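Colleague: I'd like a close look at one part of this protein, the sheet and whatever sits around it. Could you walk me through that part in one go?

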Amino acid sequence: MRTFLKKTIIFLLSLIILLFGVDWLSSELVIEKSDFKLISKPKYLVLGHSQPQHAFNDSLIKGLKNLADGGESYFYTYYKSVEVIKNNPTIETVFINFSNNNIAKSRDFWTWDCYFMVERLKRFSHLIKIEGKLKLAYHNLPCFTETMLFVLQERLSDLLNQNLRYSTNLGGYKVSSKLSSNTEQLETSLSTRLRILNSFDSNSKEASHHNLNYLNKLIEFCKKQDKQVVLVRLPQQEEYKFWKNEIEFSQIRKQYFTELPFLDFAKFPLKDEDFIDHSHLSYQGASRFSNYFGKLLKTKNYHLNQRYLDDKK
């Protein structure tokens, strides 16, 4: 029995080493052959989850590229952005979404819940370094293993066929139309799992230190690349449930990120029809916000934004 157990452990360890070895080698080959240069040669880059994805219409903002992506934790934002920032020297400023729901403890699950892990690993697992993959494996080994076996099979097939499409789907502006205000109708359009993960108890005092750690890693990387980093909070209606953690949000920002410019558009003046829900903009709302933001970029007076909002209250 002891011999069988020993052989089993050795076999599993060998399998894990082989899995990570093949992944590392094939990832390096994919990165080497992939093109991360952005055609528009932007001066400004926007990163974050669904709020900036719906808010920044980069077709209306000269020199800006939106690579935000719905449901994206800072873990995936960090790994997917490294090669983009390194390979686009025209980028001068990186705007990173920082909002009340970014600090929520439930954002841990935006990293290793299977709903999110499968989708992200299929798109850019080659960009995630071994320490990141070990973290995913530690928190959700069954999902990680099953997904990576599928990903490696697809990746090796693509390498053999020279079918490299990896750097073309990293996020971007998403056009949204006005949804029904009926909550029940809205919920039926979402997956059950996503609703559960988004129903964070906003009265909780516990923050996602894992998520915030990768925000800090992203900031430090940008600094090493000589990029200015600006944190941005986007429009939120008064009914937005995450206003309840405003005290905790402010404390975290002042404690960890006080040296960074913070553009606070949370109470930017918009109409109800400019939103599709309490924290995401409609096409009309995004157009209004993007036109204003484009003008702000031309003045380069980012620091004046907070005063602008205070004057409008």
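What follows is a walk through the sheet, strand by strand, and then its surroundings.

Modeller: Sure, and keep in mind that this is a predicted model. For orientation, the chain has 13 helices and 5 strands, and buried residues make up 51% of its 313 residues.

The strands form an open sheet of 5, in the order 2-1-3-4-5, and the pairing is parallel. Strand 2 and strand 5 (262-264) are the edge strands, each with a single partner, so one side of each has no neighbour in the sheet. On average, neighbouring strands of this sheet are turned by 20° against each other, direction ignored.

Let's zoom in on strand 1, residues 44-47. In the strand order, strand 1 sits between strand 2 and strand 3. On one side, strand 1 pairs with strand 2 (residues 64-66) in the parallel sense, over 3 bridges. If you want a residue to click on there, take Leu-45, whose bridge partner in strand 2 is Lys-65. The other pairing is with strand 3 (residues 93-97), again parallel, and here there are 4 bridges. Val-46 is the residue to look at for this one, as Phe-95 of strand 3 stands opposite Val-46.

Now for the side chains. In a regular strand, side chains alternate between the two faces of the sheet. Strand 1 shows this nicely: Tyr-44 and Val-46 point one way, while Leu-45 and Leu-47 point the other way. Are these four residues buried or exposed? Tyr-44, Leu-45, Val-46 and Leu-47 are all buried.

How does the chain get from strand 1 to strand 2? Helix 2 (residues 50-55) belongs to that stretch, and strand 1, helix 2 and strand 2 together make a right-handed β-α-β unit. Another helix to find is helix 3 (residues 74-86), which lies across strand 1 and strand 3 and runs at about 160° to strand 1.

Two loops leading into strands are worth a glance for their backbone. Lys-41 lies in the loop between helix 1 (2-33) and strand 1. Its phi is near 50°, a positive value in a residue that isn't glycine. Lys-41 is also exposed, with a relative accessible area of 62%. You'll find something along those lines at Asp-226, in the loop between helix 10 (209-224) and strand 4 (228-233). Asp-226 isn't a glycine either, yet has a positive phi of about 60°, and Asp-226 is exposed, with a relative accessible area of 70%.

Beyond the strands, have a look at helix 6 (residues 130-139) and helix 7 (residues 141-160), which pack at an angle of about 125° with their axes 5 Å apart. That angle is why helix 6 and helix 7 count as oblique to each other. Helix 6 brings Lys-133, Leu-136, Ala-137 and His-139 to the contact, and helix 7 brings Leu-141, Phe-144 and Met-148. By type, the residues of this contact divide into 5 nonpolar, 1 polar and 1 charged.

To finish with the whole chain: among contacts between residues at least 6 apart in sequence, 80% join residues at least 24 apart.

How values were computed:
Residues numbered from 1 in each chain as written. Heavy atoms only, no water. Buried < 20%, exposed > 50% of the residue type's maximum accessible area, 1.4 Å probe, protein only. Pairing = 2+ DSSP bridges. Right-handed = clockwise from strand over helix to strand, strands pointing away. Axes fitted to C-alpha atoms, helices over the stretch in contact; angles between N-to-C directions. Parallel < 35°, antiparallel > 145°, perpendicular 65-115°, else oblique. Contact = heavy atoms within 4.5 Å. Nonpolar A, V, L, I, M, F, W, Y, C, P; charged D, E, K, R; others polar.
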